[in-house]
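Me: I would like to go through this model and ask what stands behind each label. Please set the values against the cut-offs.

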Amino acid sequence: MKTAATVLALVASSQAGGVPVVEGVPRAPDAGKLPTVTAHGMGDSCFNAGMKSITEAIGNATGSYANCVATGKDDFIDTVNGFFMTMDENVEIFAEKIKKDPKLAGGFNAVGFSQGNSIIRGYIHKYNDPPVKTFLSVHGTVMGVAGFPNCNPDGLLAPVCRRLDNDLGDEAYTNCTQRTLFQANYYRDPMRVNTPEYKEFSALAQWNGEGNHFQPEWKDNFVKVERFAMIKALKDTMVYPNDGEWWGQFRPGSYTFKEQMNETDYYKRDLFGLKTVDEAGKIVYNHTDGNHLVFTVQQLQWWVLNYFLE
């Protein structure tokens, strides 16, 4: 089945993109008082040494509590939930754990890595209580992906990649697939964003206000965030288009032409609050020069110390 092949391809590709490439950050105890939560990427786990180290490093930089919020009880389950538990179900567990943590009751800063940003975005829309003060999105899937990892539909292998995307798109926007595979929930095919299937079944379409089941309070919750810090990898081979890391997209109907955030329909119509937060000056942008989840100690330290709110 195509769906099985898709899953295997995503599992294999996750080994190249799930774990941040970074070392510890020097301690700066006066940087801020708010606690921090982190959310890991595809193929990673809060129980892995890499995520433990990076979460601890952020806590050392801020001088306050930091915790990676797992949606599984152990390394294996937490990793598997990043594939075979839906995006919304991951968000529900994430929210439940945050609600139960007394150290987060007054609000917190949130740092997502790759796919983890989808969980944080979902938490903001559907809960945001306790509230997220700063959302630091590192190479995030906040606007979904339009292609297989490491297969650019506008690159040298465009014919192959577009065929794979077309095969996935045939099955992505069904109730069965959306209830089975996390990655299908944020797959955003530019050739299908105006179809009835996308609007009815895509989880991301609902969050974007493009779908049939958007809830007004999701927009209300989104605009309550005080700062969005969006970090883009200029040579990202995992997130296509990487413009999505800055809230952009492929123009509907095209794998070639791209739209920046303020050119998109969801921005112009302020479907989920993006225009509101932008006009309020709440969005800041930065970038890394290399590939997905490759950044330096100095870059991480700078983001934390300059973007986090006290």
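Me: How do you know how α4 and α5 are oriented to each other?
Reply: In this predicted model, the two helices pack at an angle of about 70°, with their axes 9 Å apart. Angles of 65 to 115 degrees count as roughly perpendicular. Therefore α4 is roughly perpendicular to α5.

Me: Which residues make that contact?
Reply: From α4 come Met87, Asp88, Asn90, Val91, Phe94, Ala95 and Ile98. From α5 come Ser118, Ile119, Ile120, Gly122, Tyr123 and Lys126. By class, the contact has eight nonpolar, three polar and two charged residues. Gly counts as polar here, and Gly122 is one of the contact residues of α5.

Me: What makes a set of residues a nonpolar core, and which residues have the most contacts inside the largest one?
Reply: The members must be buried residues of the nonpolar kinds, joined through side-chain atoms within 4.5 Å. The largest such core has 52 residues. Phe94, Phe228, Trp247 and Leu274 have the most contacts inside it. Helix α4, residues 87-100, gives the most to this core, with five residues. Another core lies apart from it, with 20 residues. Among them are Cys68, Leu136, Phe295 and Val304.

Me: What is Trp247 in contact with, beyond its neighbours within four places in sequence?
Reply: Its partners include Phe228 and Leu274, both also listed with Trp247 for the most contacts inside the largest core. Arg121, Val142, Met143, Phe222 and Met230 are in contact with Trp247 too. So are Met261, Thr264, Tyr266 and Phe272.

Me: Why is β4 called largely enclosed?
Reply: Six of its seven residues are buried, so the rest of the structure largely encloses β4. Buried here means under 20% relative accessible area.

Me: How do you know that β3 and β4 pair, and in which sense?
Reply: Pairing needs at least two bridges. β3 and β4 have five, in the parallel sense. Therefore they count as paired. Gly112 stands opposite Ser137 in β4.

Me: What about β1 and β3?
Reply: β1, residues 36-39, pairs with β3 over four bridges, again in the parallel sense. That also meets the cut-off of at least two. Thr38 stands opposite Val111 in β3.

Me: Which strands are the edges of the open sheet, and what makes them edges?
Reply: The sheet has six strands in the order β2-β1-β3-β4-β5-β8, with parallel pairing. β2 (66-68) and β8 (283-288) each pair on one side only. Those are the edge strands. Neighbouring strands of the sheet are turned by 15° against each other on average, direction ignored.

Me: Which helix lies across β4, β5 and β8, and how does it run relative to β8?
Reply: Helix α14, residues 297-307, lies across these strands. It runs at about 170° to β8. Angles over 145 degrees count as roughly antiparallel. So α14 is roughly antiparallel to β8.

Me: Is Asp243 buried or exposed, and how do you know?
Reply: Its relative accessible area is 5%. The cut-off for buried is under 20%. Therefore Asp243 is buried. Asp243 lies in the loop between β5 and β6. Leaving aside neighbours within four places in sequence, Asp243 is in contact with Lys232, Gly248, Gln249, Lys258 and Gln260.

Me: Where are the cis peptide bonds from Asp129 and from Tyr240?
Reply: The bond from Asp129 to Pro130 is cis, with omega near 0°. Pro130 is in the loop between α5 and β4. The bond from Tyr240 to Pro241 is cis, with omega near -10°. Pro241 lies in the loop between β5 and β6, as does Asp243.

Me: What sets the phi of His139 and of Asp270 apart?
Reply: His139 has a positive phi of about 55°, although it is not a glycine. Asp270 has a positive phi of about 50° and is not a glycine either. His139 sits in the loop between β4 and α6. Asp270 sits in the loop between α12 and α13.

Me: Why do His139 and Asp270 count as buried?
Reply: The relative accessibility of His139 is 0%. For Asp270 the value is 12%. Buried means under 20%. So His139 counts as buried, and so does Asp270.

Notes. Residues numbered from 1 in each chain as written. Predicted model: local features only at pLDDT ≥ 70, side-chain atom pairs only at ≥ 80, totals over all residues. Heavy atoms only, no water. Buried < 20%, exposed > 50% of the residue type's maximum accessible area, 1.4 Å probe, protein only. Contact = heavy atoms within 4.5 Å. Axes fitted to C-alpha atoms, helices over the stretch in contact; angles between N-to-C directions. Parallel < 35°, antiparallel > 145°, perpendicular 65-115°, else oblique.
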